[in-house]
Amino acid sequence: MPEVEVQPTVAQVRRLLEEQLPQKLRVLLEQPLTPAAQGWDNALFRLGPAHAVRLPVRRAAVRCLLHEARWTAVAGAPLAALGVAVPRPVFRGRPGAGYPWPWTVVRWVEGEAVATLPVARRDRLAQDLAEALTAVHRPAPEDAPRNPHRGVPLAGRLRTAPVPWPAAEAALGTRQAERLRTVVDDGLRAAPWPRPPVWLHGDPHPWNLVHRDGRLAGLIDFGDVCAGDPASDLACAWLALDADQRAAFRAVVDATGHYDDDVWRRAAAWAALYVTALVAHPGAGPDFGAVVRHAVAQLGPTG
């Protein structure tokens, strides 16, 4: 991943808020502002108990920020009925105070990243996650965005972003890299998605899933939200869950009657592709080491 190009500070973010917040949001200026997280694409600052400020840390991330500001509330609308929150944008700022790009104020999603929750404690999460994703995966309108790296046929994904197999082998070892290659090849042989495109979160890995006491509380980071084949979202079953949890997850998803064995073969292939991308481009965001090790084990012969 590209290096961080801009690192906003608390003082700089405070100035942006003071200079740009409209009157109806000026009450937020009375709230404390503290650094909260640093992802691959954005710096996150907590603004009081109910809001956060998201600012891209590199130019390439600006498109994603504007994209999620446009589509998060639309794609995530069905989640409210399940009690699952999304970081709904409430204000979009412009460059200023020495900061060069657009930025947003969003609703804060209370909880902890599922990546920090021991896998053994994710049993109830499996059903919650299945219900949340199947709620999101409703037919998308014609003007819904597309993404060349999510929700597309696997063959097309590999044409636009070939798998970095040498890097994967160097990071994982020959045996594990070959196992991932086998999973990807099997996904390529699976039948394509036969239905119209559905809404996708785009990136439901364990750092983008929020829990409270082991229950799914939120889906965050809609920078890759798009329409397409749900297999790329269902890959989270290998990234976040063990075999028993994945079986429970699949039972809920399959009960909708919209999925077949081929979607799960493609989903496993997507999980393998995410692993290879993570080990080849570790980036400057959260630590994906545990996620990678877990997914590789789950994609193994007995996973």
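This tour proceeds through the structure one selection at a time. The model is a predicted one, and residues are numbered from 1 along the chain.

**The five-stranded sheet**

Begin by selecting strands β1 to β5. They form an open sheet in the order β1-β2-β3-β5-β4, and the pairing is antiparallel. At its edges stand β1 (33-38) and β4 (89-93), each of which pairs on one side only. From one strand to the next, the twist averages 25 degrees.

Next, restrict the selection to β3 (residues 51-56) and β5. These two strands pair in the antiparallel sense over 4 bridges. To locate the pairing, display V53, which stands opposite V105 in β5.

Now add helix α1 (residues 10-20). Helix α1 packs on the sheet and touches β1, β2 (42-47), β3, β4 and β5. Its direction makes about 115 degrees with that of β1. Add α2 as well: α2 also packs on this sheet, with contacts to β2, β3, β4 and β5. The direction of α2 makes about 145 degrees with that of β4.

**The enclosed cavity**

Keep α2 and β5 on display. How many cavities of 30 Å³ or more are there? The count comes to 1, and the largest cavity has a volume of about 50 Å³. To outline the largest cavity, select R54, E68, A69, T72, P87, P89, T104, V106 and D221, which line it. Both α2 (62-75) and β5 (103-107) supply at least two residues of this lining. The element that gives the most is α2, with 3 residues.

**The three-stranded sheet**

Turn next to β6, β8 and β9. These 3 strands form an open sheet in the order β6-β8-β9, with antiparallel pairing. The strands β6 (112-113) and β9 (215-219) stand at the edges with a single partner strand each, so one side of each has no neighbour in the sheet.

Select β6 together with β8 (residues 209-212). The two run antiparallel and are joined by 2 bridges. Along this pairing, A113 stands opposite V210 in β8, and the bridge partner of E112 is H211.

Then select β8 and β9, which pair in the antiparallel sense over 4 bridges. L209 has L219 in β9 as its bridge partner. The two strands form a hairpin with 2 residues between them. Centre the view on D213 in the turn, where phi is positive, at about 55 degrees.

**The cysteines**

Display the cysteine side chains. How many disulfides does the model contain? The count comes to 0. A disulfide would require a pair of cysteine sulfur atoms within 2.5 Å. The sulfur of C64 is 11 Å from the closest cysteine sulfur, in C226, and this is too far for a bond. C64 is buried, with a relative accessible area of 13%. C236 is likewise in no disulfide, as the nearest cysteine sulfur, that of C226, is 14 Å away. C236 counts as buried, at 2% relative accessibility.

**A buried serine**

Select S232, which lies in helix α7 (residues 231-234). Is S232 buried or exposed? At 1% relative accessibility, S232 counts as buried. Its surroundings can be shown by adding R150, G151, L200, W270 and Y274, with which S232 is in contact when neighbours within four places in sequence are left aside.

**Helix α11 and its cover**

Select helix α11 (residues 289-298). Which of its residues are buried? They are V291, V292, H294, A295, V296 and Q298. What covers these buried residues includes α5 (165-172), α6, α8 (236-240), α9 and α10.

**The second largest pocket**

Finish at the second largest pocket, in which about 190 Å³ of space lies. Select R179, T182, V183, D186, W238, R246, A247, R250, D261, W264, R265 and A268, which line this pocket. The elements that give two or more residues to its lining are α6 (174-189), α9 (243-254) and α10 (261-280). Keep α6, α9 and α10 selected and restore α11 to the view: these three helices are also among the elements that cover the buried residues of α11.

Technical notes: This is a predicted model: local features need pLDDT of at least 70, side-chain atom pairs count only at pLDDT 80 or more; totals for chains, interfaces and linings use all residues. Side-chain values use heavy atoms; hydrogens and water are left out. Two strands pair if DSSP finds at least two bridges between them. Buried means under 20% relative accessible area, exposed over 50%, partly exposed in between (1.4 Å probe, protein chains only). On a 1 Å grid over the protein atoms alone, a cavity is a set of points where a 1.4 Å probe fits but cannot get out, and a pocket is an open set with protein on both sides within 12 Å along at least five of seven lines; lining residues have an atom within 4 Å of a point. Grid points are joined across faces, edges and corners, and a volume is the space filled by probe spheres set on the points. Contact means heavy atoms within 4.5 Å. Axes are lines fitted to C-alpha atoms, for helices over the stretch in contact, and angles run from 0 to 180 degrees between N-to-C directions.
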